[in-house]
Amino acid sequence: MNYKTLTYLVCVLMFVFGFTERQTLPDGFVYVKSIIPDLDVELRYFSANNFVGDTIDGYRTNELILTKAAAQKLKLIQEELQQQNLCLRVYDGYRPQRAVNHFIRWARDLNDTLNKSQFYPDVAKRNLFKEEYIASRSGHSRGSTIDLTIICGETGEPLDMGSPYDFFGQQSWVNYEAIEEHQKKNRQLLQIVMLKHNFRNYPKEWWHFTLRWEPFPKTYFDFEVE
């Protein structure tokens, strides 16, 4: 049994036997696995594997939430990649404003550099706002922005994109030249398939995409991920 099939079966069993209790989402939002049951979700802010080094405020479960419009487009992308024996892995979707506020507090504490060597070795923490790696508002809080990569459908291993997810530095810029050719091709594959389905990229983060014509372009939500 390959990785993709196993993931799908686990998701179906959890749904059928009611292992998860879910909140009522605002109109226009969905739990993405209700639309894409076999989607690989690894919400980094529900873990300590992130630049802060701790679970982030507002993340109470590893459940991906997006606007329905974004989730429906994501389903098309997943289906297209599966034709190449590839899948998506999502690191973040809807992000409560309280999580953004947590990032702001962390960024202002210049003495907390626990994960600097892993996530921002070449950027002074005091410059994270200036260089636009941390902001007071995030498109994620509007529900149609997503952080993701591509994984092998057989092994679940992510394709090599030339830098880790959430790495603050030029290596993460989409057009960064000092990476290997296969890494450039992997980035290009992700860019092409996302753009084809109306997701535009943030040039400083190869993993970050926002749905064009998003349904809540000026609304920043703060309900928890639970």
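In the predicted model, Cys152 is partly exposed, with a relative accessible area of 21%, whereas Cys87 is buried, its relative accessible area being 4%. Neither residue takes part in a disulfide: for Cys87 the nearest cysteine sulfur is that of Cys152, at 8.0 Å, and for Cys152 the nearest is in turn that of Cys87. Because a disulfide requires a pair of cysteine sulfur atoms within 2.5 Å, the separation of 8.0 Å leaves Cys87 unpaired, and the count of disulfides comes to zero.

The largest nonpolar core comprises 56 residues, and those with the most contacts inside it are Leu39, Phe51, Leu74, Ile146 and Met194. Two or more residues of this core are supplied by each of the strands β1 (29–31), β3 (65–67), β4 (86–92), β5 and β7, and by each of the helices α2 (68–82), α3 and α5 (181–196). Among these elements, α2 gives the most, with five residues. The surroundings of Met194 illustrate how the core is assembled from distant parts of the sequence: when neighbours within four places in sequence are left aside, Met194 is in contact with Ile77, Ile146, Leu148, Phe199 and Phe209.

The largest pocket contains about 450 Å³ of space. Its lining is formed by 25 residues, of which Glu132, Ser138, Tyr202, Glu205 and His208 lie nearest the centre of the pocket. The elements that contribute two or more residues to this lining are α3 (97–108), β5 (145–152), β6 (199–202) and β7 (205–211), and the greatest contribution is that of β7, with four residues. In terms of residue character, the lining of the largest pocket divides into ten nonpolar, seven polar and eight charged residues. The helix α3 and the strands β5 and β7 thus appear both among the elements that give two or more residues to the largest nonpolar core and among those that give two or more residues to the lining of the largest pocket.

A further buried position is found outside the helices and strands, since Asn50 lies in the loop between β2 (40–41) and β3 and has a relative accessible area of 1%. Leaving aside its neighbours within four places in sequence, Asn50 is in contact with Arg44, Tyr45, Ile56, Asn115 and Phe119.

Definitions and conventions:
Residues are numbered from 1 along each chain as its sequence is written. This is a predicted model: local features need pLDDT of at least 70, side-chain atom pairs count only at pLDDT 80 or more; totals for chains, interfaces and linings use all residues. Side-chain values use heavy atoms; hydrogens and water are left out. Buried means under 20% relative accessible area, exposed over 50%, partly exposed in between (1.4 Å probe, protein chains only). On a 1 Å grid over the protein atoms alone, a cavity is a set of points where a 1.4 Å probe fits but cannot get out, and a pocket is an open set with protein on both sides within 12 Å along at least five of seven lines; lining residues have an atom within 4 Å of a point. Grid points are joined across faces, edges and corners, and a volume is the space filled by probe spheres set on the points. Ala, Val, Leu, Ile, Met, Phe, Trp, Tyr, Cys and Pro count as nonpolar, Asp, Glu, Lys and Arg as charged, and the others, Gly among them, as polar. A nonpolar core is a set of buried Ala, Val, Leu, Ile, Met, Phe, Trp, Tyr and Cys residues joined through side-chain atoms within 4.5 Å. Contact means heavy atoms within 4.5 Å.
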